[in-house]
Amino acid sequence: MNYFRKILRFARPYLRYAWLNVFFNILYAIFNVLSVLAFIPVLGILFGKEEKVTEKPSYEGMGQLYDYVQNSLNYEVSNMMETGGVEKALLFICLISFSMFFFKNLFRYLAMFVLTFLRNGVVKDLRDSLYQKIVSLPIAYFSEKKKGDTMARISNDVQEIETSFLNTLEAIVREPLTIVFTLISMFAISAKLTLFAFILLPVSGIIISSVSKKLKAKSLLAQQETGTFLSFIEETLTGLKVIKSFTAEEKMESKFYQSTLKLKRLMNSVLNRKNLASPMSEFLGSATIIAILWYGGRIVLLGEDEMKPQEFLGYIGLFY
């Protein structure tokens, strides 16, 4: 957390972009869920399972919000099916779904758009601060420290902050909001099926977490070795005359090869773990979805819940 606080102080001049990002991410999270829920009436029409509502529903509080929205949509669809037929109702629902997806992606783009100014501003100020610090340091510091380490700080390390920490700023707001809105919708569709899903999630989370921790440790070692590698290049270039005068080329080459070999092995390990993360996540996600398909399918087929077939398919979309 101390590292995060040190970096976050560079974000203070750009807080207006952070708040705009939060605002657009809230809208994105809402429309992200609505874009899935909007497909439920479409599936109902296609399967001939759409529930006809002849009386306009009344709002009875947040606890019944899902039922109110669904019944209001079913009421409009029912009226259209009576006056214009199934095709008119289907077109209406498809236009609503199209609108939901449009606004979802619009607000996603706007959230990333405003965050760009924060990211690039923080990176610029961070590099300026590092350069100011380097210039103010005494000469004795550079005689004790490797210059390559200093070069790695202002180049590779700042880039790592940009690609890792600053990217998480987007996820810190967007993902929790999306999860909250999605879970509310899932509980509204079927509390029983959602509780079953919660039993499966920790298993996937523990496995993915173990891979992430090992990846973090290997990445740190690779970053340190990059500093050593750059220091070696800098020392070679500045001391090339001395190396040649003592005919120490082979010795320096041997040391350089050892450094690049170590870096290669570390990077192989890092990249292999990165490559493992995505397939493993997809496999575990698919296994969980299959388990929910089995359990939720039983609920629908045996009539153990009020969940309709189209709601079950919408639920799968939300969970995924």
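## Nonpolar cores

In this predicted model, the largest nonpolar core is made up of 26 residues. Within this core, F107, L118 and V122 have the most contacts. Four elements each give two or more residues to the core: α2 (15-37), α4 (65-83), α5 (86-136) and α7 (147-189). The largest share, 12 residues, comes from α5.

Another core, of 19 residues, lies apart from the largest one. Its members include V36, M186, F196 and I316. In soluble globular proteins, nonpolar side chains tend to be buried together.

## Overall organisation

The secondary structure of the protein consists of 11 helices and 0 strands. Read from the N terminus, the order of elements is accordingly written α-α-α-α-α-α-α-α-α-α-α.

The protein has 320 residues, of which 34% count as buried. Among contacts with a separation of 6 or more, 79% join residues that are 24 or more positions apart. The accessible surface amounts to about 20200 Å², and carbon and sulfur atoms account for 65% of that surface.

## Packing of α10 and α11

How do helices α10 and α11 lie with respect to each other, roughly parallel or roughly antiparallel? Helix α10 (residues 249-302) and helix α11 (residues 309-319) pack at an angle of about 160°, and their axes are 11 Å apart. Angles over 145 degrees count as roughly antiparallel, and α10 and α11 are therefore roughly antiparallel to each other. Their crossing is right-handed.

On the α10 side, the contact is made by T288, I289, I292, L293, G296, G297 and V300. On the α11 side, P309, F312, Y315, I316 and F319 take part. I316 is also among the residues of the 19-residue core.

How values were computed: Residues numbered from 1 in each chain as written. Predicted model: local features only at pLDDT ≥ 70, side-chain atom pairs only at ≥ 80, totals over all residues. Heavy atoms only, no water. Core = buried A, V, L, I, M, F, W, Y, C linked by side-chain atoms within 4.5 Å. Buried < 20%, exposed > 50% of the residue type's maximum accessible area, 1.4 Å probe, protein only. Contact = heavy atoms within 4.5 Å. Areas by Shrake-Rupley, 256 points an atom, 1.4 Å probe, with all protein chains shown as cover. Axes fitted to C-alpha atoms, helices over the stretch in contact; angles between N-to-C directions. Parallel < 35°, antiparallel > 145°, perpendicular 65-115°, else oblique. Left-handed = near helix turned anticlockwise from the far one by under 90°.
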